[in-house]
Amino acid sequence: MRSDLLVLTTWLGLLGSLFVQPTVAAEASRPNVLFIAIDDLNHWVGHLGRHPQAKTPQIDRLAASGVSFTAAYCTAPACNPSRASLMSGMRPSTTGCYFNGQDWRPGIPASKLLNTHLAENGYLVYGAGKIYHAKAHGGHWDDYFDSNSPPPKRHPSAANDGVGGIRFSPLDGSDEEMPDHHAVDWCIEKLHKQSDQPFFIACGLVKPHMPFSVPKKWFDLFPLDEIQLPPWSPSDLDDVPPAGVAMAKPQGDHQAILDSGRWKEAVQAYLATCSFADHQVGRLLDGLKQSGHSDDTLVVLWSDHGWSLGEKSHWRKFALWEEPTRTVFVWRVPGMTPAGVRCDRPVDYLSVFPTLAALTGLERPGHLEGPDLSPLLRVPSAKWDHPAITTHGRGNHAVRSEAWRYIRYADGSEELYDERRDPLEQTNLAMQPEHTAVKQQLATLLPAAEADDLPSGDRRAGRRQRLNRNE
Ligand SMILES: [Ca+2]
């Protein structure tokens with residue numbers, strides 16, 4: 001009897017080890033994740049070439065060591081819905097989180113968030129700066145850092161704080177006084193922390209978000225008399241339906257900038273602020289290298305949406321064209337990504353959560369709507385059938401394939417752009433009968449769900465969101 005029991009327990013032990021050991025091995029080999037979020041950085045980075053004067057050597061350095069997605073898009077062109085969607089893996093049209101003024105938390109349970117999923121599966125989860133909008137640090141974090149110190153004052157050479165709502169001015173102070181600098185310092189400290197658990201470190205830089213205000217030395221990189229303005233045609237909106245013109249608001253920021261004669265100054269300030277953010281990315285990458293974790297840490301860098309600086313007489317995000325929706329999206333996965341390769345397949349941010357779940361060996365939660373990018377990370381030219389989709393307000397969507405952008409507004413009006421012949425999207429082809437089949441095909445890709453708006457966080461925020469003025 002005793003010997004039978006011994007045999008049985010030995011067998012059970014062996015069986016148990018068969019199940020347990022692979023899990024232990026998988027945990028030991030799970031990569032760390034450095035997750036870098038950048039606020040309001042559009043495609044003005046050196047290696048994408050959209051603005052010829054952009055100076056972003058650090059982001060370019062990361063791109064040169066991994067895969068940069070050249071056709072990456074937000075799922076919503078505003079901070080709050082873009083981030084809520086990326087972190088939950090669900091579309092705005094599924095959750096009802098469309099605008100900045102909405103509190104997303106009643107619509108998205110904490111259990112469905114990326115940071116919670118990683119924490120529940122053995123990761124140490126750290127965050128700093130802006131990951132979710134408005135300091136709504138949802139889900140589980142083992143530790144979180146927000147810098148509360150004020151940035152330096154305006155430089156005496158600046159006459160004022162900008163033009164209307166477009167705020168910019170150089171600052172009289174050092175990089176070390178900037179909140180982003182403190183967030184990066186804190187993340188570097190976490191990179192050096194010894195632990196048996198893998199880490200997920202999310203560093204959210206708040207620049208280049210407005211005000212475009214950073215220490216003056218960054219402005220000095222871009223002499224004002226040499227600044228090149230983005231392409232603009234005063235008649236560009238003539239073929240855009242009223243729903244699109246309402247998003248562009250040509251009589252608002254753009255008219256104010258034209259009247260002020262300070263367009264070049266705004267562009268200079270944006271370029272300067274992007275270079276400052278880029279410098280902070282470089283500090284993080286250096287910190288990763290010095291921590292000794294370069295080879296066991298995957299890096300993903302993303303910006304939350306694009307930004308228009310006068311193209312289509314539009315400023316800010318809050319619209320469905322290329323400038324407000326295209327992002328910077330770079331992955332470096334040790335042992336997987338080739339170095340310095342671009343991927344031109346259209347992707348959107350529903351892909352972030354499923355890709356990280358796959359690369360960390362975790363189960364893919366059932367609520368995720370997007371594809372895993374792993375095939376493209378291995379072979380960036382691999383076949384890819386998924387479009388990128390961006391939603392701005394209930395019922396307004398853009399579908400971006402490699403060849404086309406198709407926009408359909410809630411009132412049924414449409415735009416269609418041939419991206420290969422017209423990368424600036426100046427000629428709307430939607431009314432041309434020969435493109436009916438293309439439009440119909442792209443329309444089949446639009447989200448089926450059209451969730452009602454989640455309630456606004458407060459009444460004033462709700463009013464601002466309807467005016468599309470908040471950031
Ligand atoms: Ca046009």
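Here is a chat about a predicted model, taken region by region.

Colleague: Let's start with confidence. What does the pLDDT of the protein chain average?

Modeller: This is a predicted model, so confidence is a fair place to begin. Of the residues, 91% score at least 70. For the protein chain, the average pLDDT is 92.

Colleague: And for residues 1-25, how many contacts does the model have beyond four places in sequence?
Modeller: That stretch keeps a pLDDT under 50 throughout. Residues 459-471 also have a pLDDT below 50, yet that stretch has 21 contacts beyond near neighbours in sequence. For residues 1-25, the number of contacts beyond four places in sequence is zero.

Colleague: On to the sheets. Which strands stand at the edges of the open sheet of eight strands?
Modeller: The order in that sheet is S5-S4-S8-S1-S9-S12-S2-S13, and the pairing is mixed. From one strand to the next, the twist averages 15°. Two strands have a single partner each, so one side of each has no neighbour in the sheet. Those edge strands are S5 (143-145) and S13 (341-343).

Colleague: Inside that sheet, which residue in S8 stands opposite Val 33?
Modeller: Strand S1 covers residues 32-38 and strand S8 covers residues 199-205. The two run parallel and are joined by six bridges. Opposite Val 33, in S8, stands Phe 200.

Colleague: Which helix lies across S1, S8 and S9?
Modeller: Strand S9 is residues 297-303. The helix in question runs at about 170° to S1. Lying across those strands is H10.

Colleague: How does helix H6 sit against H10, roughly parallel or roughly antiparallel?
Modeller: H6 spans residues 179-191 and H10 spans residues 263-291. Their axes come within 9 Å and cross at roughly 15°. An angle under 35 degrees is the cut-off that matters here, so H6 and H10 count as roughly parallel.

Colleague: What is the handedness of that crossing, and how many nonpolar residues does the contact of H6 with H10 have?
Modeller: The crossing of H6 and H10 is right-handed. On the H6 side the contact includes Val 184, Ile 188 and Leu 191, and on the H10 side it includes Ala 277, Leu 284 and Leu 288. Four of the contact residues are polar and two are charged. As for the nonpolar residues in the contact of H6 with H10, there are seven.

Colleague: What about H2, parallel or oblique to H10?
Modeller: The axes of H2 and H10 come within 7 Å and cross at roughly 50°. Among the residues making the contact are Ile 59 and Leu 62 of H2, with Val 281 and Leu 285 of H10. The contact residues divide into five nonpolar, three polar and two charged. With that crossing angle, H2 is oblique to H10.

Colleague: Any backbone oddities? Which residue has a positive phi of about 65°?
Modeller: Most residues other than glycine have a negative phi, and most peptide bonds are trans. The residue you want is found in the loop between S1 and helix H2 (57-64). It is not a glycine, and its name is Asp 40.

Colleague: Where is Pro 208 found, and where is Pro 211 found?
Modeller: The peptide bond from Lys 207 to Pro 208 is cis, with omega near 10°. A cis peptide bond also joins Met 210 and Pro 211, where omega is about -5°. Helix H7 is residues 216-219. Pro 208 is in the loop between S8 and H7, and Pro 211 is in the loop between S8 and H7.

Colleague: Now the sheet of four strands. Which residue in S18 does Arg 408 stand opposite?
Modeller: Those four strands form an open sheet in the order S15-S16-S17-S18, with antiparallel pairing. Its edge strands are S15 (388-391) and S18 (414-418). S17 (residues 404-408) pairs with S18 over five bridges. In S18, Arg 408 stands opposite Glu 414.

Colleague: Which helix packs on that sheet?
Modeller: The helix touches S16 (397-400), S17 and S18. Its direction makes about 70° with that of S17. Covering residues 436-443, the helix is H14.

Conventions:
Residues are numbered from 1 along each chain as its sequence is written. This is a predicted model: local features need pLDDT of at least 70, side-chain atom pairs count only at pLDDT 80 or more; totals for chains, interfaces and linings use all residues. pLDDT is the predictor's confidence in each residue, from 0 to 100. Two residues are in contact if their C-beta atoms, placed from the backbone, lie within 7 Å. Axes are lines fitted to C-alpha atoms, for helices over the stretch in contact, and angles run from 0 to 180 degrees between N-to-C directions. Angles under 35 degrees count as roughly parallel, over 145 as roughly antiparallel, 65 to 115 as roughly perpendicular and the rest as oblique. A crossing is left-handed if the near helix is turned anticlockwise from the far one by less than a right angle, and right-handed if clockwise. Ala, Val, Leu, Ile, Met, Phe, Trp, Tyr, Cys and Pro count as nonpolar, Asp, Glu, Lys and Arg as charged, and the others, Gly among them, as polar. Two strands pair if DSSP finds at least two bridges between them.
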